[in-house]
Amino acid sequence: MSGAKKRISITVDPHLADYPEHLVEAGKAESVSATFNEARAAKRQRDQHALALLRARAAQADPVRVERMRRHIDAQARQAGFEVAAGE
C-alpha cells in the first residue's frame, strides 16, 4: 500500500466514534483514522475469505443439479411475471 492517503468524510454513530477515540487516548491506536482503516481492512479480509470459500464450494457443485435448480428458479420467476434472459 502506498503512503498516500485519500481524505474522506464519514458520519458514524456516537458509540462507534467513542471506541476509536478511547483507543487513541489510551495509546493503543495511532489515530482514529488508523482504527477505521484497520476495521475496514479486517472486513475486507473476511469478505475475501468468504468469497474464496464460496468459490471453492461452487467448484465442487454438481453441474447437472445446478442446471436443474436454475431451470426451476427461472420457471418460478416467469410464473411470478419476471422476464428471464436466455442463459440466466
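Here is a walk through the structure above, from the whole chain down to a few single residues. Keep in mind that this is a predicted model.

Let's start with the big picture. The protein chain has three helices and zero strands, so if you follow the elements from the N terminus on, you read α-α-α. How spread out is the chain next to a compact globule? Its radius of gyration is 22 Å, while the globule rule gives 12 Å for 88 residues, so the chain is more spread out than a compact globule. You can get a feel for the outline from the box that the C-alpha atoms fill, roughly 60 × 30 × 25 Å along the principal axes.

What about inside and outside? Just 9% of the 88 residues count as buried. The accessible surface of the chain comes to about 8,400 Å², and carbon and sulfur atoms account for 54% of that.

Now zoom in on helix H2, which covers residues 32-59. Thr 35 sits in this helix, and its relative accessible area is 11%; buried means under 20%, so Thr 35 counts as buried. Which residues does Thr 35 touch, leaving out those up to four places away in sequence? They are Pro 20, Leu 23 and Ala 29. Ala 59, also found in H2, makes a nice contrast: its relative accessible area is 67%, and over 50% means exposed, so that is what we call Ala 59. Ala 59 also helps you see how far this part of the chain reaches, as its C-alpha atom is separated by 30 Å from that of Ala 39, 20 residues away along the chain.

Moving on, you come to the loop between H2 and H3, where Asp 62 lies. Asp 62 is partly exposed, with a relative accessible area of 42%. What does its side chain reach? A side-chain oxygen of Asp 62 comes to within 3.1 Å of the backbone nitrogen of Val 64, right at the start of H3.

That brings us to H3 itself, which runs through residues 63-79. Here's a check you can follow yourself. The expected span is 1.5 Å times one less than the number of residues, so the 17 residues of H3 should span 24 Å. The C-alpha atoms at the two ends of H3 are 24 Å apart, which agrees. Just after H3, look for Gly 81, which takes a positive phi of about 95°.

Technical notes:
Residues are numbered from 1 along each chain as its sequence is written. This is a predicted model: local features need pLDDT of at least 70, side-chain atom pairs count only at pLDDT 80 or more; totals for chains, interfaces and linings use all residues. Side-chain values use heavy atoms; hydrogens and water are left out. Helices (H or I, at least four residues) and strands (E, at least two) are DSSP runs, numbered from the N terminus. A polar contact is a pair of N or O atoms within 3.5 Å; within protein, one must be able to donate a hydrogen and the other to accept it, and residues adjacent in sequence count only if both atoms are side-chain atoms. Buried means under 20% relative accessible area, exposed over 50%, partly exposed in between (1.4 Å probe, protein chains only). Contact means heavy atoms within 4.5 Å. The radius of gyration is taken over C-alpha atoms; the globule rule is 2.2 Å times the number of residues to the power 0.38. Accessible areas come from the Shrake-Rupley method with a 1.4 Å probe; for residues, only the protein chains shown count as cover.
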